[in-house]
Amino acid sequence: RQRHLTIPCEMCIRDRMLGAPPIARDPLYRAAGQMPAFDLRFDRGSIVDVIGGITPTFTRPSSTKLVWNGSQFVSVAADVPALQVDPLTGRLGYLNEPSATNLALRSSEFDNAAWSSAGGFRTVTANDATSPDGAVTADRLTADGTSNPHFASQSFTLTAQAYTFTVFAKAGTNSFFQVRTFSGFGGAHANFDLATGAVGTFSATSSFIIPYANGWYRCGMVFTPLAATSGIGLYIVDSASASSGAANSLATSVLLWGAQLQTGTVAD
């Protein structure tokens, strides 16, 4: 029998003698004539650069919460980089945290005066259920049974550009929910079915619903305001095709948590 002997190239022998990391000896990088500056192996539970042996620094002044595996919130301590599972590879990787400002005040306190009760024909029960992040901070919005629109709202001063509004909602004794801008912003609305997790009719630029654990959904819409100052309301409605700001005689409820208003067409 003939035996084949593989002789390593001079460059490979030199790399191994010098302790070059395996990625630096990859033939693809050789062919491209380029080498990575660093290689962080997050999936091994480490942020040490395997090429240079250094540990990058990361700074975040406070703790944060992120969505894990698409449906669960987890806490990350201050100055600790956030990691996330890549849905394609199943490996851990660094989660880039974009800078965004939430324009909604008291975003999980719908009993606060920031969420006006004027003309809302409803009541709010604070901290009535477990929120998506596991704390008992979700509020219950309950219609008062009169023939009126039933909502909680907040006023904003905006500019002529696209905005994205989102809020976490869960069916209480009512399955239909609506997000709506007041007429000053154009009256754009979007309906949601909290039983099936489907978007109903909408007049906003676009609308979406994202499922989370324990029956929660992140409901959102994109709109461009017509005027500078107006409001956004969260409505209890009687169907997934309710008209913008529709009245009804319901005495039912939905659960709310984590309202967010930000510039742009993507919800961070």
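So, Leu141 stands opposite Val254 in β15. That pair sits where strand β6, residues 138–143, meets strand β15, residues 253–263, and 4 bridges join the two, running antiparallel. When I say strand, I mean a DSSP run of E with at least two residues; helices are runs of H or I with at least four residues, and both get numbered from the N terminus. Two strands pair if DSSP finds at least two bridges between them.

Before I go on, the housekeeping. This is a predicted model, where local features need pLDDT of at least 70, side-chain atom pairs count only at pLDDT 80 or more, and totals for chains, interfaces and linings use all residues. Residues are numbered from 1 along each chain as its sequence is written, and side-chain values use heavy atoms, with hydrogens and water left out.

Okay, back to β15. On to its other partner: 8 bridges join β15 to strand β8, residues 163–171, and those two run antiparallel. There, Phe165 has Leu261 of β15 as its bridge partner. Now, why is β15 largely enclosed by the rest of the structure? Because 10 of its 11 residues are buried, where buried means under 20% relative accessible area, exposed is over 50%, and partly exposed is in between, with a 1.4 Å probe and protein chains only.

Zoom out to the sheet. It's an open one with 6 strands, ordered β5-β6-β15-β8-β13-β12, and the pairing is antiparallel. At the edges you have β5 (122–129) and β12 (206–211), each pairing on one side only. On average, neighbouring strands here are turned by 30 degrees against each other, direction ignored; the axes are lines fitted to C-alpha atoms, for helices over the stretch in contact, and angles run from 0 to 180 degrees between N-to-C directions.

There's another open sheet: 5 strands, in the order β7-β14-β9-β10-β11, with antiparallel pairing. β7 (151–157) and β11 (198–202) are at its edges with a single partner strand each, so one side of each has no neighbour in the sheet. Neighbouring strands in this one are turned by 20 degrees on average, again ignoring direction. Inside it, 5 bridges connect strand β9, residues 176–181, with strand β14, residues 229–236, in antiparallel fashion. Val179 has Leu234 in β14 as its bridge partner. Over at β10 and β11, 3 bridges hold an antiparallel pair, with Asp193 bridged to Ala198 in β11. That hairpin has 4 residues between the strands, and Gly197 takes a positive phi near 75 degrees.

Now the inside. A nonpolar core here is a set of buried Ala, Val, Leu, Ile, Met, Phe, Trp, Tyr and Cys residues joined through side-chain atoms within 4.5 Å. Which residues touch the most other members of the largest core? Out of 33 residues, Phe165, Val167, Phe177, Val179, Phe223, Leu234 and Leu256 do. β6, β7, β8, β9, β10 (189–193), β13 (217–223), β14 and β15 each supply at least two residues of this core. There's also a second, separate core of 8 residues, including Phe73, Ala138, Phe168 and Trp216.

Take Val167: leaving out residues up to four places away in sequence, its contacts include Phe110, Phe177, Val179, Leu234, Leu256 and Trp257. Contact means heavy atoms within 4.5 Å.

One residue to look up on the screen is Ser108, in the loop between β4 (92–94) and β5. Is Ser108 buried or exposed? At 18% relative accessibility, Ser108 counts as buried. With the same sequence neighbours left out, Ser108 touches Thr137, Asp139, Trp257 and Gly258. Ser108 and Val167 are 59 residues apart along the chain, and their C-alpha atoms are separated by 9.2 Å.

Last bit, the totals. The protein chain has 2 helices and 15 strands, and 37% of its 268 residues count as buried. Of the contacts between residues at least 6 apart in sequence, 60% join residues at least 24 apart. Rings pair up too: there are 8 aromatic pairs, and Phe151, Phe182 and Tyr235 are linked into a cluster by ring pairs. For those, rings of Phe, Tyr and Trp (its six-membered ring) pair if their centres lie within 6.5 Å, with planes under 30 degrees apart counted as stacked, over 60 as edge-to-face and the rest as tilted.
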